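Colleague: I should like to go through this model with you, beginning with its overall fold. May we take the chain as a whole and then turn to particular places?

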Amino acid sequence: QPYTNVNRWFDTIVNQPTVVDVIGKFEYCQKTAEFNQKTYSDFQGGSGEKKSQAKKEKAPKKAAEPKKAAPKEEVQEEPDAAELILAAEPKSSNPFDALPKGTFNMDEFKRVYSNEEESKSIAYFWDHFDKENYSIWFGEYKYNSELQKVFMSCNLISGMYQRLDKMRKQAFASVCLFGTEGDSTISGVWIWRGHDLAFELSNDWKVDYDVYTWKKLDANSEETKKLVSEYFAWTAKDKDGRPFNQGKIFK
């Protein structure tokens, strides 16, 4: 017989008194097991029904609710000394805000001046200029005799514009350089909200204005209209007849 050693070992085990007490006397099968289709079908069918019934009887599991993340506490940093000093300083406002707005739209005029021919932009200016709430000024550099290089003279104009950056919203200017190197002058026409000298409204605007002489012009006079048109179109000459060299627009 095959598996002789295994069978002998098995017989030894099943005949031990302690095993006999549990399983009783063990008997080997007398014939080989045969496949029975009916028994197999009954077994499979019954098992399937039991399984399906067991599934029905089981209560459906509730979907686990997602855990809500605990809100993170915002860590507020304490301001340093510099931030405290800045916070304590009063917020600066534009001095023009305290003046009546009037009807003149400065931004619209600047757009027209930048995109249209001088004839159209100058006509637009006089058609819309609000004489009640805006004024026209003529500024002339005091130290023209000291001007030498053209590029240095132009830098004087550009530097002044940069330091007046916060004034741009409600101001416009055309400042021109006349003549040639070693013989030149600087002067310009300015428009701004209000009727007083605008530079005196803020200490930040006073850096350069005192190196110019300032004259308020009569917006109703033909002389003023001619002067404004020439400076806006860069066709003017200075009071001594020097020709236009180049100009810079403040807008």
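The exchange below concerns the fold, one residue, one helix and one pocket.

Modeller: This is a predicted model, in which local features need pLDDT of at least 70 and side-chain atom pairs count only at pLDDT 80 or more, while totals for chains, interfaces and linings use all residues. Residues are numbered from 1 along each chain as its sequence is written, and side-chain values use heavy atoms, with hydrogens and water left out.

Colleague: Which pattern does the protein chain follow along the sequence?

Modeller: Helices (H or I, at least four residues) and strands (E, at least two) are DSSP runs, numbered from the N terminus. The protein chain has eight helices and five strands. Read along the sequence, the pattern is α-α-α-α-α-α-β-α-β-β-β-α-β.

Colleague: What percentage of the 251 residues is buried?

Modeller: Buried means under 20% relative accessible area, with a 1.4 Å probe and protein chains only. Among the 251 residues of the protein chain, the buried share is 31%.

Colleague: Is threonine 185 buried or exposed?

Modeller: Threonine 185 lies in strand 3 (residues 183-193). Because its relative accessibility is 9%, threonine 185 counts as buried.

Colleague: Which residue shares a side-chain polar contact with threonine 185?

Modeller: Contact means heavy atoms within 4.5 Å. Leaving aside neighbours within four places in sequence, threonine 185 is in contact with residues including Asn144, Leu147 and Arg242. A polar contact is a pair of N or O atoms within 3.5 Å; within protein, one must be able to donate a hydrogen and the other to accept it, and residues adjacent in sequence count only if both atoms are side-chain atoms. At 2.9 Å, the side-chain partner is aspartate 238.

Colleague: What covers the buried residues of helix 6?

Modeller: In helix 6 (residues 118-128), the buried residues are Ser121, Ile122, Tyr124, Phe125 and Trp126. Their cover includes helix 5 (106-115), strand 1 (134-141), strand 3 and helix 8.

Colleague: Which element gives the most to the lining of the second largest pocket?

Modeller: On a 1 Å grid over the protein atoms alone, a pocket is an open set of points where a 1.4 Å probe fits, with protein on both sides within 12 Å along at least five of seven lines; lining residues have an atom within 4 Å of a point. Phe138, Lys215, Leu217, Asp218, Ser221, Glu223, Thr224 and Leu227 line the second largest pocket. Strand 4 (212-217) and helix 8 (222-233) each supply at least two lining residues. With three residues, the element that gives the most is helix 8.

Note on methods:
Buried < 20%, exposed > 50% of the residue type's maximum accessible area, 1.4 Å probe, protein only.
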